[in-house]
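Please open the structure in your viewer and keep the selection panel at hand, as the stops below are meant to be followed in order.

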There are 2 protein chains.
Amino acid sequence: MARSPSASDADHSATAKLPAEGTQARRFGKTRSAQSTALLEDYVELIADLLAGEGEARPTDIARRLGVSHATAIKSISRLKRAGLATARPYRGVFLTDKGRALADRVRVRHRLVVDVLQALGVPSEAAEADAEGIEHHVSETTLKAFAQFLKARG
Amino acid sequence: MARSPSASDADHSATAKLPAEGTQARRFGKTRSAQSTALLEDYVELIADLLAGEGEARPTDIARRLGVSHATAIKSISRLKRAGLATARPYRGVFLTDKGRALADRVRVRHRLVVDVLQALGVPSEAAEADAEGIEHHVSETTLKAFAQFLKARG
DNA sequence: TGCAAAGTGTAGCTTAGGTTACACTTTGAC
DNA sequence: GTCAAAGTGTAACCTAAGCTACACTTTGCA
């Protein structure tokens, strides 16, 4: 190291406490990889919804619901296939594998829990639904358990 | 439309309620664009921390804290510059613009609020810190207000 | 039965965010 | 004053996620 630290190495009191570098790096890394799973989770959840509600899940419907072009949806669906979450044959709709269904279930439960907690905290239901969409992908198992506990205790 | 709907259009009762397509599309779209701001927010927050704590914010330190290579950090810093959030001259460290500082302040307040709420809900502080890192970028103003209210009411 | 319209798939492009490899500055220390 | 090591910057590459444009299937209906 050629450059000396130009300021004290301690005293972070002005800011919200700087954890050890390793810890923080691990944290941010986890946040970023969560983002890569988030989209797949959204697709899987939506496909499960469409299959349950409409009996089939077609790329165009998926695209419309997600607000993306059908080409984007199709590309994501092939990533889903690569990840072993879905199956799809040309012009024949999209289906979930066992793994995909399991993920969809977990995602749905988690979504519900997040929305319920937000509402319990006084967030209007519309905002709760909207924010949950983004928040849910970043809620750890530990936090999920605390949420369930909180709701139970609160009755 | 050439293909008839193969199942009822109503009755989504088995799943967690499907909102109108437009609404859901808008929601997902918002979630995705939030992700594009998330990284910039992380950088700005970290740079503010480093400036306050160390007196300077250097690409290598930023990279280490975020767990990415220095090259990645440098590229992100130039995006920060493009967004008018930071300034940086070669070999001279990174600084925040007024806009960057304002964002950093908002982000820090929001982070604190999210962590506090999670802890209030019974989430262990380590998990609260970790999850907040991902969650905070998806919390709307409305939800933020509800959080503040909740904490106040709870004392 | 055939054909137009809807849906589907592919190709080619963009940006963000990440990497490794390599070259160039800075600076503390001898 | 020099020089090696640390830090910095750039280039070339990758994948994900988005887009538009265009070609190809399917299918309901005239």
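Begin with the residues at which the two chains of this predicted model touch: of the interface residues of chain A, 98% are also interface residues in chain B, so the copies meet through the same surface. Selecting both sides brings up 56 residues of chain A in contact with 55 residues of chain B. On the side of chain A, the elements that give two or more residues are H1 (21–54), H2 (59–66), H4 (98–120), H5 (125–135) and H6 (141–154), and H1(A) gives the most, with 17 residues. Coloured by class, this side of chain A divides into 23 nonpolar, 18 polar and 15 charged residues.

Next, display both chains whole and superpose chain A on chain B, for which a rotation of 180° with 0.0 Å of shift along its axis is needed, the RMSD being 0.0 Å. The two copies are therefore related as by a two-fold rotation axis. To find this axis from chain A, select Ile135(A), whose C-alpha is the nearest to the axis in that chain, at 2.5 Å.

Finally, move to chain B and select helices H4(B) (98–120) and H5(B) (125–135), whose axes come within 9 Å and cross at roughly 135°, which makes H4(B) oblique to H5(B). The crossing of these two helices, H4(B) and H5(B), is right-handed. Show the side chains that make the contact, among them His111(B), Val114(B) and Leu118(B) of H4(B) and Ala128(B), Ala132(B) and Ile135(B) of H5(B). By class, the contact of H4(B) with H5(B) has 6 nonpolar, 3 polar and 2 charged residues.

Conventions. Residues numbered from 1 in each chain as written. Chains lettered and ligands numbered in written order. Predicted model: local features only at pLDDT ≥ 70, side-chain atom pairs only at ≥ 80, totals over all residues. Least-squares fit on C-alpha atoms with pLDDT ≥ 70 in both. Contact = placed C-beta atoms within 7 Å. Helix = DSSP H or I, 4+ residues; strand = E, 2+ residues; numbered from the N terminus. Nonpolar A, V, L, I, M, F, W, Y, C, P; charged D, E, K, R; others polar. Axes fitted to C-alpha atoms, helices over the stretch in contact; angles between N-to-C directions. Parallel < 35°, antiparallel > 145°, perpendicular 65-115°, else oblique. Left-handed = near helix turned anticlockwise from the far one by under 90°.
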